[in-house]
Amino acid sequence: MQIPHFPEANHPLVKSLFHHSDHELLTLFQRYPDAGKYFTVIFCRYSPIVYTLIRHSARSPVQADYLFALTWRHIYYELGGLKLTDSESGEEALTMQNWLINMTAFCINEIKLPPTEAIHYSLQATSPPLWCYVQQALDQLPPVLRLIVLMAQTFHWSETRIAAYLQAEGEAIAPYEVANFLQEGYRMLEDKLPTDIRTIYFGEDLAQSQLKYKCVYYLSSI
């Protein structure tokens, strides 16, 4: 099982931050939560170590990729409260690498993976940093829009079936209106992604159709 290569490591926005120390990257990540590039740099710097630890614990490459993504999602949410320390206090220093190894071990031991055939996540299609920020953007959508996007992309329901489900739940939405809601959901999803994440993963000119195509892989794994 080879360590995967992530193309975002070669993006100018990411490469321009390689000179920063772990402490500086953590500080920037915590100080500028609307920017995604700092987390992406941390990911690119330490993904080989994390993947190496994970690949020996998973039963299949598909499970390893999925656990790798779930681990980075856990890391993403925990980074906000992390404080690195040095050894001047007499205690053992807490470095980024040590902390990430501990987080990875925790996820390996605590996350219960589904069977391989039940996993639809594709590491090649959706890198973990993009996965994290799409999840964050999705969580910010109004409940009805989020539900419609999920039903369309995760369950591949038709507009008629989505409308029928919503009507049964008390939402007076016709099938032709579902298409409009979907387009609004994709537009809002794009708008809520950090600008630098859109640039790194989709390029400068991001069409809603591109975002829809990319997010199919993400949404189908929820």
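Read along the sequence, the chain in this predicted model runs α-α-α-α-α-α-α-α-α-α-α. That makes eleven helices and zero strands. The protein chain has 222 residues, and 46% of them count as buried. Its accessible surface comes to about 11600 Å², with 51% of that belonging to carbon and sulfur atoms. As for how the chain meets itself, take the contacts with a separation of 6 or more: residues 24 or more positions apart account for 70% of them.

Helix α4 is a handy place to start looking at such contacts. R73 sits in this helix, and its C-alpha atom is separated by 7.8 Å from that of P129, which is 56 residues away along the chain. Setting aside neighbours within four places in sequence, R73 is in contact with W131, C132 and Q135. R73 has a relative accessibility of 27%, so it counts as partly exposed. H74 is also found in helix α4, but here the contacts go to another stretch of sequence: residues up to four places away not counted, H74 touches M103, F106 and C107. The C-alpha atoms of H74 and M103 are separated by 8.0 Å, with their positions 29 residues apart along the chain. H74 is partly exposed too, because its relative accessibility is 23%, and the buried class needs a value under 20%.

Aromatic side chains come next. A pair of aromatic rings is described by the distance of the centres and the angle of the planes. The structure holds 19 such aromatic pairs. In one of them, the rings of F43 and F68 have centres 5.8 Å apart and planes at 55°, so this pair is tilted. F43 belongs to helix α3 (residues 37-55) and F68 to helix α4, and with 25 residues from one to the other, the pair links distant parts of the chain. Are these two residues buried or exposed? F43 has a relative accessible area of 0% and is therefore buried; F68, also at 0%, counts as buried as well.

Another pair is made by Y66 and Y121. Their ring centres lie 6.2 Å apart and their planes meet at 40°, so this pair is tilted too. Y66 is in helix α4, while Y121 is in the loop between α5 and α6 (128-139), and the 55 residues from one to the other again make this a link between distant parts of the chain. Y66 is buried, with a relative accessible area of 13%, and Y121 is buried at 7%. Beyond single pairs, there is one aromatic cluster formed by F6, F29, F39, F43, Y51, F68, W72, Y76, Y77 and Y133. F43 and F68, the pair described above, are among its members.

Then there is the empty space. Rolling a probe the size of a water molecule over the atoms shows where empty space is left. The largest pocket holds about 250 Å³. It is lined by 15 residues, and those closest to its centre are P7, E8, L123, Q124 and S127. Which helix gives the largest share of this lining? Helix α10 (residues 195-202) does, with three residues. By type, the lining of the largest pocket divides into nine nonpolar, four polar and two charged residues.

The second largest pocket holds about 180 Å³. Its lining consists of S57, A58, R59, Q63, L67, C107, I108, I111, K112 and L113. Two elements, α4 (61-79) and α5 (96-110), each give two or more residues to it. By type, the lining of the second largest pocket divides into six nonpolar, two polar and two charged residues. One of these lining residues, C107, is also among the contacts of H74, so helix α4 turns up here once more, as the place of H74.

One backbone angle deserves a word at the end. Most residues other than glycine have a negative phi, and most peptide bonds are trans. The phi of H156, however, is near 60°, a positive value in a residue other than glycine. H156 is found in the loop between α7 (143-153) and α8 (159-168). With a relative accessible area of 56%, H156 is exposed.

Notes
Residues are numbered from 1 along each chain as its sequence is written. This is a predicted model: local features need pLDDT of at least 70, side-chain atom pairs count only at pLDDT 80 or more; totals for chains, interfaces and linings use all residues. Side-chain values use heavy atoms; hydrogens and water are left out. On a 1 Å grid over the protein atoms alone, a cavity is a set of points where a 1.4 Å probe fits but cannot get out, and a pocket is an open set with protein on both sides within 12 Å along at least five of seven lines; lining residues have an atom within 4 Å of a point. Grid points are joined across faces, edges and corners, and a volume is the space filled by probe spheres set on the points. Helices (H or I, at least four residues) and strands (E, at least two) are DSSP runs, numbered from the N terminus. Ala, Val, Leu, Ile, Met, Phe, Trp, Tyr, Cys and Pro count as nonpolar, Asp, Glu, Lys and Arg as charged, and the others, Gly among them, as polar. Rings of Phe, Tyr and Trp (its six-membered ring) pair if their centres lie within 6.5 Å; planes under 30 degrees apart count as stacked, over 60 as edge-to-face and the rest as tilted. Buried means under 20% relative accessible area, exposed over 50%, partly exposed in between (1.4 Å probe, protein chains only). Contact means heavy atoms within 4.5 Å. Accessible areas come from the Shrake-Rupley method with a 1.4 Å probe; for residues, only the protein chains shown count as cover.
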